[in-house]
Amino acid sequence: MTNTRKTTTKITSVFLIVAMLLGMMCIASTVSAGAAANDRVKLHSATPYFVKYGMTTYEAYIQTKDNASNQKVYVHYNYMDGQAWQDKEAEYFTTLNDGTKIWKAYFTSFNARYCIKYVADGVTYWDNNNGNDYLAGNTIGSAPVISERMQYQYPYMGYTVMAQLQNYAYHKNVFVRYTTDGWNSYSDIPMFYYQSNFTGTETWCATLPMGRDQFTSEDFHYAICYQVNGQEYWANNFGADYGRDHHINQ
């Protein structure tokens with residue numbers, strides 16, 4: 001009788017160990033699948049485009065890296081608390097040198113809670129900021145550096161440029177390269193640390209010594225360069241550069 005109990009106990013222990021191992025394998029498999037899905041689609045950036053009466057329209061850029069033949073990208077967002085979430089389909093914008101596709105969408109929200117939905121060949125993938133969703137302060141997603149839109153420029157104070165960047169290292173160099181003659185010539189102006197953000201990013205700023213006639217000219221363009229850890233990253237509107245229209249509409 002005693003031997004039977006010992007044998008039963010050993011068998012039970014073996015089953016428990018096997019069950020635990022299988023459970024761990026399932027968890028590991030789930031994490032891997034989630035990571036693979038997140039590599040397919042990522043929020044690049046989402047900045048205010050239009051603001052009025054507490055309502056904000058955001059300009060969102062999403063990046064995908066996938067060989068699927070049928071791709072659809074959406075911003076899945078909450079227009080207002082208490083209302084059902086809805087999808088805003090993004091349009092294809094451009095393809096980068098490494099094959100990454102950039103999509104653009106505009107969506108309007110009072111509380112700016114959103115995530116990214118990607119449907120590739122009938123399979124749906126999500127970028128929901130690790131389960132936290134994206135909020136108004138999440139203006140930068142996977143991008144190393146972006147140019148923030150300004151609401152108003154004072155002509156007698158020059159043209160202010162704000163950059164938000166990932167804090168890859170303490171030592172870094174950030175500058176604005178701009179032209180007032182359509183890139184026949186250009187100048188580099190260093191940017192300076194302004195603040196740290198709750199998302200872990202940093203905001204840097206610079207003032208370009210220009211008058212209103214210059215920065216409202218069609219010949220005015222600029223880009224932001226972020227140098228860190230031996231790497232160089234550019235925020236240049238995906239090759240189109242920024243200009244007089246890069247501000248928040250009101």
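Helices (H or I, at least four residues) and strands (E, at least two) are DSSP runs, numbered from the N terminus. The model shown is predicted: local features need pLDDT of at least 70 and side-chain atom pairs count only at pLDDT 80 or more, whereas totals for chains, interfaces and linings use all residues. Residues are numbered from 1 along each chain as its sequence is written, and side-chain values use heavy atoms, with hydrogens and water left out.

**View A. Asp98 lies in the loop between β5 and β6.**
The loop follows β5 (91–95) and leads into β6 (101–109). Asp98 counts as partly exposed because its relative accessibility is 49% (buried is under 20% relative accessible area, exposed over 50%, partly exposed in between; 1.4 Å probe, protein chains only). The side chains of Asp98 and Thr100 are joined by a polar contact of 3.0 Å. Such a contact is a pair of N or O atoms within 3.5 Å; within protein, one must be able to donate a hydrogen and the other to accept it, and residues adjacent in sequence count only if both atoms are side-chain atoms. Lys65 is 33 residues from Asp98 along the chain, and the two C-alpha atoms are separated by 9.1 Å.

**View B. Four strands form an open sheet in the order β1-β2-β6-β5.**
The pairing in this sheet is antiparallel (two strands pair if DSSP finds at least two bridges between them). β1 (41–52) and β5 are the edge strands, each pairing on one side only. On average, neighbouring strands of the sheet are turned by 25° against each other, direction ignored; the axes are lines fitted to C-alpha atoms, for helices over the stretch in contact, and angles run from 0 to 180 degrees between N-to-C directions. Between β5 and β6 there are four bridges, in the antiparallel sense. Glu91 has Lys104 in β6 as its bridge partner.

**View C. Strand β14 pairs with both β10 and β13.**
β14 covers residues 202–208 and is largely enclosed by the rest of the structure, because five of its seven residues are buried. With β10, β14 pairs in the antiparallel sense over seven bridges; Val161 stands opposite Ala206 of β14. Strand β13 (residues 192–196) is joined to β14 by four bridges, and these two strands also run antiparallel. Cys205 in β14 is the bridge partner of Phe192. β13 and β14 make a hairpin with five residues between them, and in the turn Gly200 has a positive phi of about 95°.

**View D. Lys117 and Asp87 meet in a salt bridge.**
The structure holds nine salt bridges (a side-chain nitrogen of Lys or Arg within 4 Å of a carboxyl oxygen of Asp or Glu). In this one, the N to O distance between the side chains of Lys117 and Asp87 is 3.1 Å. The pair links distant parts of the chain, 30 residues apart: Lys117 belongs to strand β7 (residues 113–120) and Asp87 to strand β4 (residues 86–89). Asp87 has a relative accessible area of 34%, so this residue is partly exposed.

**View E. Asp133 forms a salt bridge with Arg113.**
The closest N and O atoms of Asp133 and Arg113 are 3.4 Å apart. Asp133 sits in the loop between β8 (123–127) and β9, while Arg113 is in strand β7, 20 residues apart along the chain. Asp133 counts as buried because its relative accessibility is 17%. Arg113, at a relative accessible area of 33%, is partly exposed.

**View F. Asp188 forms a salt bridge with Arg177.**
For this pair the closest N and O atoms are 2.8 Å apart. Asp188 lies in strand β12 (residues 187–190) and Arg177 in strand β11 (residues 173–179), with 11 residues as their separation along the chain. Asp188 is partly exposed, with a relative accessible area of 37%; Arg177 is also partly exposed, at 22%.

**View G. Tyr152, Tyr154, Tyr156 and Met157 make a nonpolar surface patch.**
The area of the patch is about 530 Å². Patches are made of residues with over 30% relative accessible area and no salt bridge; like charges are joined within 9 Å, nonpolar side chains (Val, Leu, Ile, Met, Phe, Trp, Tyr) within 5 Å. Accessible areas come from the Shrake-Rupley method with a 1.4 Å probe; for residues, only the protein chains shown count as cover. Met157 is found in the loop between β9 (145–148) and β10 (159–165).
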